[in-house]
Amino acid sequence: MIQLTRAEEEVMQVLWELENAFVKEILEQFPEPKPAYNTLSTIVRILEQKGVVSHEAIGRSHRYFPVLSKTQYRSASLERLSSDYFGGSFKELASCWLQDNQINIDDLEEIKALIGKRKKKN
């Protein structure tokens with residue numbers, strides 16, 4: 001899976017939200033201080049080179065759209081995080097969140113319920 005820089009992820013967040021956009025429209029979604037138009041345009045072209053964004057030519061402009069879905073990227077990112085820092089163990093990841101107070105008991109109960117529902121499907 002392709003890793004994205006923080007700036008690339010920020011652009012992807014906007015494209016996932018808008019579904020397709022011109023660079024100018026992407027730029028409008030950024031808070032102040034906004035990046036320079038040329039900087040943003042370069043990031044979008046890099047994303048296209050990486051194969052996660054494509055474009056549709058409209059006159060002399062390009063309308064960009066994500067090829068990689070947010071769900072695909074999120075899943076791959078979590079898998080990479082789990083693999084790189086927790087030996088691929090979701091249990092270790094969840095344990096770390098619990099120890100660092102990033103997740104509470106109510107959240108764990110909801111996760112347990114989701115697991116129960118999944119077991120019933122299988």
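From the N terminus on, the elements of the chain follow the order α-α-α-β-β-α-α-α, giving six helices and two strands in total. The model is a predicted one. The radius of gyration of the chain is 19 Å, well over the 14 Å that the globule rule gives for 122 residues, so the chain is more spread out than a compact globule. Along the principal axes, the C-alpha trace spans about 55 × 35 × 25 Å.

Of the 122 residues, 24% count as buried. The accessible surface of the chain comes to about 9,000 Å², and carbon and sulfur atoms contribute 50% of that area. Among contacts with a separation of 6 or more, 46% are accounted for by residues 24 or more positions apart.

The two strands form a hairpin with two residues between them. Strand β1 (residues 53–58) pairs with strand β2 (residues 61–66) in the antiparallel sense, over six bridges. Within this pairing, Ala-57 has His-62 in β2 as its bridge partner. Gly-59, in the same hairpin, takes a positive phi near 60°.

The count of aromatic pairs comes to one. This pair is formed by Trp-16 and Tyr-73 and is tilted, with 6.0 Å centre to centre and 40° between the planes. The pair links distant parts of the chain, since Trp-16 lies in helix α1 (residues 6–18) and Tyr-73 in helix α4 (residues 70–86), 57 residues apart. Trp-16 is buried because its relative accessible area, 15%, is under 20%. Tyr-73 is likewise buried, with a relative accessible area of 6%.

Key. Residues are numbered from 1 along each chain as its sequence is written. This is a predicted model: local features need pLDDT of at least 70, side-chain atom pairs count only at pLDDT 80 or more; totals for chains, interfaces and linings use all residues. Side-chain values use heavy atoms; hydrogens and water are left out. Two strands pair if DSSP finds at least two bridges between them. Helices (H or I, at least four residues) and strands (E, at least two) are DSSP runs, numbered from the N terminus. Rings of Phe, Tyr and Trp (its six-membered ring) pair if their centres lie within 6.5 Å; planes under 30 degrees apart count as stacked, over 60 as edge-to-face and the rest as tilted. Buried means under 20% relative accessible area, exposed over 50%, partly exposed in between (1.4 Å probe, protein chains only). The radius of gyration is taken over C-alpha atoms; the globule rule is 2.2 Å times the number of residues to the power 0.38. Contact means heavy atoms within 4.5 Å. Accessible areas come from the Shrake-Rupley method with a 1.4 Å probe; for residues, only the protein chains shown count as cover.
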